[in-house]
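Open the model in your viewer and set it to cartoon. The tour goes from strand to sheet, then to the helices, the core and the ligand.

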Amino acid sequence: MNFSGKVAIVTGGTSGIGRATAIAYAHQGAKVVIAGRRVIEGEETVKKIEDAGGKAFFIPTDIVQESDVKAMVDKTVEVFGHLDIAFNNAGSYGENPSLSEQLDSEYERIMDVNVKGVWLSMKYEITQMLSQKSGAIVNTSSILGVVAMPSVPLYTASKYAVEGLTKAAAIQYAQSGIRINTVGPGAIETAMFEKATDGQDEAKAYMAGLHPMGRVGKPSEVANAVLWLSSDHASFVTGETLIVDGGYVAQ
Ligand SMILES: NC(=O)c1ccc[n+]([C@@H]2O[C@H](COP(=O)([O-])OP(=O)(O)OC[C@H]3O[C@@H](n4cnc5c(N)ncnc54)[C@H](O)[C@@H]3O)[C@@H](O)[C@H]2O)c1
């Protein structure tokens, strides 16, 4: 895959799947904008890309704040001239497993980051892509966007919402040169996985065992799928979910 001349935004590019994908885009020739809240980690991603000969910059962005998201797209176009690819990947996890004890604040945090953040990002990215009559967007869903996990009802609901947003937007812009898809990771070795398992080896082994391949995935394995969805190789693919889960949802 050759992304020379392309410009990509990655939200949550400060760590995990987002960082791995930002580095992979740059490795294939794209100029990359790292958007996220954490400056040190964002600049670390930029440095990794620049050390390998790529071009990138970091823009502090809270994807829940409309002004931040607008600035993310405006700055991208100001610095790199256009926007070809967006990977809307930032997400939030962690809630009381008992729905009857959940708080408004948990609902708001998860829905704000996972749903509103993706919607706002698409809103400004699509506005720019419409003016160019082309673009590819990949939103990060999850296996929990297609099957439920009882211990995380809010997170599950938020990822089902990402699926719905993606499909509706994909159809709305299908004739405007903009493709919109999701990637649906199973358990992937990142900070979020550490949080989900409390860093406990037993919990990690349990999660690995839920996947037919008997292991969890690596961020780079998700990045490979995202790059394909973002590329011209996927030119007739829109409104689709590409599951990357070692067989989890096939069960
Ligand atoms: N790791 C897994 O097992 C797994 C499985 C399925 C889906 N996912 C999804 O993958 C995506 C990336 O997660 P990850 O596993 O790389 O974990 P991660 O914790 O490394 O990455 C999440 C990123 O989102 C950023 N973020 C959170 N709230 C934000 C906000 N308001 N504004 C900007 N950035 C914000 C965080 O700072 C972080 O960089 C998430 O959407 C997550 O739901 C992860």
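Which residue in strand 5 is the bridge partner of Asn88? Select Asn139: that is the partner of Asn88 in strand 5.

Two notes before moving on. The model is predicted, so local features need pLDDT of at least 70 and side-chain atom pairs count only at pLDDT 80 or more, while totals for chains, interfaces and linings use all residues. Residues are numbered from 1 along each chain as its sequence is written.

**Strand 5**

Select residues 135–140, which form strand 5. Strands (E, at least two residues) and helices (H or I, at least four) are DSSP runs, numbered from the N terminus. Strand 5 pairs with strand 4 in the parallel sense, over four bridges. Pairing requires that DSSP finds at least two bridges between two strands.

Now check burial. A residue is buried if 20 or more other C-beta atoms lie within 10 Å of its own, exposed if 12 or fewer, and partly exposed in between, with C-beta atoms placed from the backbone. Six of the six residues of strand 5 are buried, so the strand is largely enclosed by the rest of the structure. Gly135, Ile137 and Asn139 lie on one side, and Ala136, Val138 and Thr140 on the other.

**The whole sheet**

Show the seven strands. They form an open sheet in the order 3-2-1-4-5-6-7, with parallel pairing. Strand 3 (55–60) and strand 7 (241–244) are the edges, each pairing on one side only. The twist averages 20° from one strand to the next. Here axes are lines fitted to C-alpha atoms, for helices over the stretch in contact, and angles run from 0 to 180 degrees between N-to-C directions.

Go to strand 7. Its parallel partner is strand 6 (residues 178–185), over four bridges. Pro185 stands opposite Val244. Thr241 and Ile243 point to one face and are buried. Leu242 and Val244 point to the other face and are not buried.

**Helices on the sheet**

Select helix 8 (residues 219–230). This helix packs on the sheet, touching strands 4, 5, 6 and 7. Its direction makes about 165° with that of strand 6. Contact means C-beta atoms, placed from the backbone, within 7 Å.

**Val46 and the core**

Select Val46 in helix 2 (residues 39–51). Val46 counts as buried because it has 21 C-beta neighbours inside 10 Å. Beyond neighbours within four places in sequence, Val46 contacts Ile34, Ala56, Phe57 and Phe58.

Step to Ile34. Its contacts more than four places away in sequence include Val10, Ala22, Thr45 and Val46. Ile34 is also among the residues touching the most other members of the largest nonpolar core, which has 64 residues. Such a core is a set of buried Ala, Val, Leu, Ile, Met, Phe, Trp, Tyr and Cys residues joined through C-beta atoms within 7 Å. Helix 4 gives the most to this core, with eight residues.

**The ligand**

Finish at the ligand. Of the 30 residues around it, Gly12, Gly16, Gly91, Thr190 and Met192 come nearest. Near means a C-beta atom, placed from the backbone, within 6 Å. Helix 1, helix 4 (104–132) and helix 6 (191–196) each give two or more residues to this shell.

Terms used: Two residues are in contact if their C-beta atoms, placed from the backbone, lie within 7 Å.
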